[in-house]
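Please look through the sequence and the structure shown here before reading the report.

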Amino acid sequence: MGIKHYTIFIPASLTAESKDLKIKTYKVGLIGRTAAIFNVDKIVVYNDDADPREAKFISDILNYMDTPQYLRKKVFPIKKELKHVGILPPLRSPHHPTEMPVQGDYRQGLTLKRTKKGTVVDIGADKLALCKEKLSVNKILSFKITKLAKEIIIEPDKPEVYWGYDTIVSNKNLYDSIRATKPDVVVSTSRFGEPITSILNEVEHKLKKAKHLAILFGGPYSGLHDILQGQKIVDIDVNTVPKQGTKTVRTEEAVLATLSVFNLILNAE
């Protein structure tokens, strides 16, 4: 398949049904981990009339997870919403290295200050690095280490491997959020959709020439059929958990089940 951009849409109401901060953190953590496992590039948190603080919480947790461990204390202030981040599963993706850097490595780094020589950057090494370009400060950017000696020299660059996801909080409803993203193929997930086993050939055909795939998920209070209310923007409406044994499938469970199925489709020989 030729998919180059992979986006999932999750509702701001994802965490609204629980008042327990630890459970809310855990739910978001499952989605972040699943997104990383299956190479999702972008997670859009859309507005489904939940309290805006829910969307902000989801975004904070997802961004925390995607940020390399060596930068988290510098990027995220101490606040109660992050009280339970210790239970989050590590992503262990390529942009979260566990070894000290060597020349030729790629790293994410936090730009700290600009000097006459360029920009000083924290890349999680035993000393700060220098990028000879003048960059905006307090930004997490990607770099390649070009020299590792008395001083560490880096240049802006990004490798051709999975490099984490971006999280976007949309103030728009789902329909308008999808239109703003402009995917080639839009997939909705619902127990009212066609079983994936019965439309597998159709799904494969529609994905074959697509460059940007978007998969939509409903929330704890409203499914996608209720949220979209007949608005014509979906290309494929699919049930990825046919013959489910439970009355409902939670959003975080649907994300894992659906991305698992689509991973098989996208990587079929």
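The report below goes from the whole chain to its strands, its charged pairs and a few single residues.

## The chain as a whole

This is a predicted model, and the chain in it has seven helices and eleven strands. Its radius of gyration is 20 Å, close to the 18 Å that the globule rule gives for 269 residues, so the chain is as compact as a globular protein of that length. Taken along the principal axes, the C-alpha atoms fill a box of roughly 60 × 45 × 30 Å.

Buried residues account for 48% of the 269 residues in the chain. The surface that the chain exposes comes to about 14,700 Å², and carbon and sulfur atoms supply 49% of it. Of the contacts with a separation of 6 or more, 74% are made by residues 24 or more positions apart.

## Strand 4 and its two partners

Strand 4, which spans residues 119–122, pairs with strand 3 (residues 106–114) in the antiparallel sense through four bridges, and it also pairs with strand 5 (residues 129–131), again antiparallel, over three bridges. Val120 takes part in both pairings, since it stands opposite Lys113 on the one hand and has Leu130 of strand 5 as its bridge partner on the other. The side chains of strand 4 alternate, with Thr119 and Val121 pointing one way and Val120 and Asp122 the other way, and all of these residues are buried.

Each of the two pairings is closed by a turn. Strand 3 and strand 4 form a hairpin with four residues between them, and in that turn Gly118 has a positive phi of about 150 degrees. The hairpin of strand 4 and strand 5 has six residues between the strands, and here Gly124 in the turn has a positive phi of about 80 degrees.

Asp126 also lies in the loop between strand 4 and strand 5, and it counts as exposed because its relative accessible area of 67% is over the 50% cut-off. Its C-alpha atom is separated by 52 Å from that of Gly245, a residue 119 places away along the chain.

## Salt bridges

Side chains of opposite charge can pair when their charged atoms come close. The count for this model comes to eight salt bridges. In one of them, the side chains of Glu54 and Lys24 meet at 2.9 Å, N to O. Glu54 lies in helix 2 (residues 52–66) and Lys24 in helix 1 (residues 21–37), so this pair ties together parts that are 30 residues apart in sequence. Both Glu54 and Lys24 are buried.

A further salt bridge joins the side chains of Asp122 and Lys74 at 3.1 Å, N to O. Because Asp122 belongs to strand 4 and Lys74 to helix 3 (residues 69–75), the pair ties together parts that are 48 residues apart in sequence. Asp122 counts as buried, since its relative accessibility of 8% is under the 20% cut-off. Another pair, Lys206 and Glu202, meets in a salt bridge at 3.3 Å, N to O, with both residues in helix 5 (residues 200–208) and four residues apart, about one turn of the helix. Lys206 is partly exposed at 32% relative accessibility, and Glu202 is partly exposed as well, with a relative accessible area of 37%. In addition, Glu17, Lys27 and Glu252 are linked in a network of salt bridges.

## Two loop residues

Tyr221 sits in the loop between strand 10 (212–216) and helix 6 (224–228), and with a relative accessible area of 56% it is exposed. Leaving aside neighbours within four places in sequence, Tyr221 is in contact with Ser13, Ala16 and Glu17, and its side chain reaches the backbone nitrogen of Glu17 at 3.4 Å. The C-alpha atoms of Tyr221 and Thr251, which are 30 residues apart along the chain, are separated by 10 Å.

Thr240 is placed in the loop between strand 11 (236–239) and helix 7 (251–266), and it is buried, with a relative accessible area of 12%. Its side chain makes a polar contact with the side chain of Thr258 at 2.7 Å. Not counting residues up to four places away in sequence, Thr240 touches Ile196, Ala257, Thr258, Val261 and Phe262.

Technical notes: Residues are numbered from 1 along each chain as its sequence is written. This is a predicted model: local features need pLDDT of at least 70, side-chain atom pairs count only at pLDDT 80 or more; totals for chains, interfaces and linings use all residues. Side-chain values use heavy atoms; hydrogens and water are left out. Buried means under 20% relative accessible area, exposed over 50%, partly exposed in between (1.4 Å probe, protein chains only). Two strands pair if DSSP finds at least two bridges between them. A polar contact is a pair of N or O atoms within 3.5 Å; within protein, one must be able to donate a hydrogen and the other to accept it, and residues adjacent in sequence count only if both atoms are side-chain atoms. Contact means heavy atoms within 4.5 Å. The radius of gyration is taken over C-alpha atoms; the globule rule is 2.2 Å times the number of residues to the power 0.38. Accessible areas come from the Shrake-Rupley method with a 1.4 Å probe; for residues, only the protein chains shown count as cover. A salt bridge is a side-chain nitrogen of Lys or Arg within 4 Å of a carboxyl oxygen of Asp or Glu.
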